[in-house]
Amino acid sequence: MEPFLVHIRCDTDGYTHAVTEDEFATGRHDGRFRAICGHVVLAAPMIEAPGRFDPTCRDILRGDTTPAEPTVPAQERRRSRWLRATRR
C-alpha cells in the first residue's frame, strides 16, 4: 500500500513538496515538515496558490530517484548540542 501524501508549498523555496501522512502529523504543530526529498518544508500560508512541484519529489514519485534518508535537521542538531552543553 502506498503512503498517503500531502502536497505543501514551502515558504522558503516556493516549491510544492510531497509530504507523507506520518511526517505531516509529526510537524503539524510547528509548521515544518520533512518532504520525501529530504527538504524541511516551512509551510506557506494555505491561502497561497500551489507553487511549481519540486523536481526531486517528482522524480521520487516517478521512481527515477530513491527517497532521501531521514536526517536530523541542522537546527535540531544545534539544539541538542546546546542541551548537552547546558546539562554538564
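What percentage of the 88 residues in the chain do buried residues make up? In this predicted model, buried residues account for 22% of the chain. The paragraphs below begin with the overall order of the chain and then turn to one strand, the core and the cysteines.

The secondary structure consists of 3 helices and 4 strands. Read from the N terminus, these elements follow the order β-β-α-β-β-α-α. Contacts also link parts of the chain that are distant in sequence: among contacts with a separation of 6 or more, 50% are between residues 24 or more positions apart. One example of such a separation in sequence is given by Ile-36 and Ile-60, which stand 24 residues apart along the chain while their C-alpha atoms are 7.6 Å apart in space.

Strand β2, which covers residues 16-20, is a suitable place to begin. Strand β1, residues 5-9, pairs with β2 in the antiparallel sense over 5 bridges. Two of the facing positions can be named: Leu-5 has Thr-20 as its bridge partner, and His-7 stands opposite Ala-18. The hairpin that these strands form has 6 residues between them, and within this hairpin Gly-14 adopts a positive phi near 80°.

Why is β2 described as largely enclosed by the rest of the structure? The reason is that 5 of the 5 residues of β2 are buried, so the rest of the structure largely encloses the strand. In a regular strand the side chains alternate between the two faces of the sheet. In β2, Thr-16, Ala-18 and Thr-20 point one way, whereas His-17 and Val-19 point the other way, and all of them are buried.

Two residues of β2 illustrate these surroundings. His-17 is located in strand β2 and has a relative accessible area of 1%, so it counts as buried. Its side chain makes a polar contact of 2.9 Å with the side chain of Asp-13. Beyond its neighbours up to four places away in sequence, His-17 touches a series of residues that includes Val-6, His-7, Ile-8, Cys-10, Phe-53, Asp-54 and Cys-57. Thr-20 also lies in β2. A polar atom of the Thr-20 side chain is 3.2 Å from the backbone nitrogen of Glu-23. When neighbours within four places in sequence are set aside, Thr-20 is in contact with Phe-4, Leu-5 and Ile-36.

Attention now passes to the nonpolar interior. Which residues form the largest nonpolar core? This core has 11 residues, namely Ile-8, Cys-10, Ala-18, Val-19, Phe-33, Ala-35, Ile-36, Cys-37, Val-41, Cys-57 and Ile-60. Strand β2 and helix α2, residues 55-62, each supply at least two residues of this core. Ile-60, a core residue, is placed in helix α2. Its relative accessibility is 11%, and because the limit for a buried residue is under 20%, Ile-60 counts as buried.

Phe-33 is a further member of the core, and its relative accessible area of 5% makes it buried. Apart from residues up to four places away in sequence, Phe-33 touches Ile-8, Val-19, Glu-23, Phe-24, Gly-27, Arg-28, His-39, Val-40, Val-41 and Ala-43. One of these residues deserves separate mention. A pair of aromatic rings is described by the distance of the centres and the angle of the planes. The count of aromatic pairs in the model is 1. The pair is formed by Phe-24 and Phe-33, whose rings are stacked, with 5.2 Å from centre to centre and 10° between the planes. The two partners differ in exposure: Phe-24 is partly exposed, with a relative accessible area of 32%, whereas Phe-33 is buried.

The cysteines complete the account. A disulfide is a covalent bond between the sulfur atoms of two cysteines. How many disulfides does a search of the whole structure find? The search finds 0. For Cys-10, which is in no disulfide, the nearest cysteine sulfur is that of Cys-37, at 9.1 Å. Cys-57 is likewise in no disulfide, and the nearest cysteine sulfur to it, again that of Cys-37, is 3.7 Å away. Because a disulfide requires the two sulfur atoms to be within 2.5 Å, this distance of 3.7 Å does not qualify. Cys-10 is buried, with a relative accessible area of 1%, and Cys-57 is buried with a value of 0%. Cys-10, Cys-37 and Cys-57 are among the residues of the largest nonpolar core.

Notes:
Residues are numbered from 1 along each chain as its sequence is written. This is a predicted model: local features need pLDDT of at least 70, side-chain atom pairs count only at pLDDT 80 or more; totals for chains, interfaces and linings use all residues. Side-chain values use heavy atoms; hydrogens and water are left out. Buried means under 20% relative accessible area, exposed over 50%, partly exposed in between (1.4 Å probe, protein chains only). A polar contact is a pair of N or O atoms within 3.5 Å; within protein, one must be able to donate a hydrogen and the other to accept it, and residues adjacent in sequence count only if both atoms are side-chain atoms. Contact means heavy atoms within 4.5 Å. Rings of Phe, Tyr and Trp (its six-membered ring) pair if their centres lie within 6.5 Å; planes under 30 degrees apart count as stacked, over 60 as edge-to-face and the rest as tilted. Two strands pair if DSSP finds at least two bridges between them. A nonpolar core is a set of buried Ala, Val, Leu, Ile, Met, Phe, Trp, Tyr and Cys residues joined through side-chain atoms within 4.5 Å.
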